[in-house]
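Ready for a little hands-on structure reading? Have the model open beside you and try each task before looking at the solution.

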Amino acid sequence: MKLPPLRAVQYFEATARLNSFSRAAESLNVTQSAVSHQIRLLEDFLGESLFERQGRNLHLTPVGQRYYDDIGDPLQAIARASLQVREGVSGNLRLAVFSSLAVKWLMPQLSDFRTKHPEIDLSLEMYAHRPDLSDKMGDCFITDFAPGKNYEYELLYTEYIYPVCSTKIWQQIKDKPLPDVLWEYPLLSVRSLMENDWKEWCKVGGYSLPRDVKIHTFSHMLLATEAARYSHGVTLLNHYFMNEIDREQLVRIPLHEIPTGDSLYFVYKKHRARQPEILKLGRWLQQIAAADEAAF
């Protein structure tokens with residue numbers, strides 16, 4: 001089925017709605033002659049006159065009126081659908097985030113966001129690896145990398161790690177000299193965190209890691225956190241893994257911290273930079289990230 005030129009239909013709709021070639025040209029940011037040309041193309045395609053011109057007065061013909069009635073709503077539907085794809089449904093927001101970050105950091109604080117912004121229906125989409133920053137995944141993202149030129153990004157925080165143990169182990173070591181007492185316990189290392197995390201931590205602190213110290217290696221910080229919670233040893237954690245619940249069972253050992261080289265960013269497409277829901281979420285994320293860093 002052969003369709004009329006979409007631009008010509010758009011120009012016709014604007015002219016019929018505004019009842020003026022000049023006002024239609026102004027609203028479309030084109031010349032009046034361009035509007036007239038497109039409408040002539042449409043009339044040639046349809047084989048019917050759409051407007052009657054009587055001096056300076058412009059009127060739709062009966063055919064033109066029927067055509068305008070038929071295409072007006074579909075064009076508005078196209079505009080609404082395009083806006084929803086571009087900016088999302090007003091009031092709804094999907095935040096895509098690392099699964100561990102969602103569980104350990106965001107979920108315990110999500111009620112605060114819902115209390116402050118009840119008008120926003122925020123849903124979390126979780127991923128395990130670096131995501132495809134597409135609308136299929138989410139409207140905005142928390143990532144560990146700054147994306148390309150089509151995206152805006154805001155630094156939430158730079159990652160640091162520090163030694164942590166269970167409250168049970170802390171009661172056993174709190175009055176003993178640090179860090180020497182740590183070598184009496186297994187060190188819980190995270191393979192995905194950084195290479196040789198405990199060696200790097202000792203190097204920055206000016207310590208020597210004993211050769212005979214036991215090191216248990218885990219693939220993810222979530223596993224090392226649970227192992228530390230059950231007093232299997234001492235591990236290195238970052239700020240967002242020490243949420244309010246964890247702080248009841250885990251203790252930050254008063255020793256130095258080291259940067260991992262990673263940072264977390266709040267990311268969204270540039271064309272959505274003025275979307276109110278994204279601006280509000282971004283400000284809230286900045287606030288809770290700053291509060292978490294200040295707590296340590």
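Below are four exercises on a predicted model, each with a worked solution.

**Exercise 1.** Work out how helix H1 (residues 6-18) and helix H3 (residues 32-46) are oriented: at what angle do the axes cross, and which residues make the contact?

*Solution.* Start with the axes: those of H1 and H3 come within 8 Å and cross at roughly 115 degrees. Angles of 65 to 115 degrees count as roughly perpendicular, so H1 and H3 are roughly perpendicular to each other. Next, look at the handedness: H1 passes H3 in a left-handed crossing. Now list the residues in contact: H1 brings Arg 7, Ala 8, Val 9, Tyr 11, Phe 12 and Thr 15, while H3 brings Ala 34, Val 35, Gln 38, Ile 39 and Leu 42. Finally, sort them by class, which gives eight nonpolar, two polar and one charged residues for the contact of H1 with H3.

**Exercise 2.** Repeat the analysis for helix H2 (residues 21-28) and H3: what is the packing angle?

*Solution.* The axes of H2 and H3 lie 8 Å apart, and the packing angle is about 105 degrees. That angle makes H2 roughly perpendicular to H3. On the H2 side, the contact uses Phe 21, Ser 22, Ala 24, Ala 25 and Leu 28; on the H3 side, it uses Gln 32, Val 35, Ser 36 and Ile 39. Sorted by class, the contact of H2 with H3 has six nonpolar, three polar and no charged residues.

**Exercise 3.** Place Phe 51 in its surroundings: is Phe 51 buried or exposed?

*Solution.* First find the element: Phe 51 sits in strand S1 (residues 51-54). Its relative accessibility is 4%, and buried means under 20%, so Phe 51 counts as buried. Then look for partners beyond four places in sequence: Phe 51 is in contact with Phe 12, Thr 15, Ala 16, Ile 39, Glu 43, Leu 58, His 59, Leu 60 and Thr 61. For one of these, take a distance: the C-alpha atoms of Phe 51 and Ile 39 are separated by 9.2 Å, with the two residues twelve apart along the chain.

**Exercise 4.** Turn to Ser 263: which side chain does Ser 263 join through a polar contact?

*Solution.* Ser 263 belongs to strand S11 (residues 258-269). With 14% relative accessibility, Ser 263 counts as buried. The side chain of Ser 263 makes a polar contact of 3.5 Å with the side chain of Thr 158. Setting aside neighbours within four places in sequence, the residues in contact with Ser 263 are Thr 143, Asp 144, Phe 145, Leu 155, Tyr 157, Thr 158 and Glu 159.

How values were computed:
Residues are numbered from 1 along each chain as its sequence is written. This is a predicted model: local features need pLDDT of at least 70, side-chain atom pairs count only at pLDDT 80 or more; totals for chains, interfaces and linings use all residues. Side-chain values use heavy atoms; hydrogens and water are left out. Axes are lines fitted to C-alpha atoms, for helices over the stretch in contact, and angles run from 0 to 180 degrees between N-to-C directions. Helices (H or I, at least four residues) and strands (E, at least two) are DSSP runs, numbered from the N terminus. Angles under 35 degrees count as roughly parallel, over 145 as roughly antiparallel, 65 to 115 as roughly perpendicular and the rest as oblique. A crossing is left-handed if the near helix is turned anticlockwise from the far one by less than a right angle, and right-handed if clockwise. Contact means heavy atoms within 4.5 Å. Ala, Val, Leu, Ile, Met, Phe, Trp, Tyr, Cys and Pro count as nonpolar, Asp, Glu, Lys and Arg as charged, and the others, Gly among them, as polar. Buried means under 20% relative accessible area, exposed over 50%, partly exposed in between (1.4 Å probe, protein chains only). A polar contact is a pair of N or O atoms within 3.5 Å; within protein, one must be able to donate a hydrogen and the other to accept it, and residues adjacent in sequence count only if both atoms are side-chain atoms.
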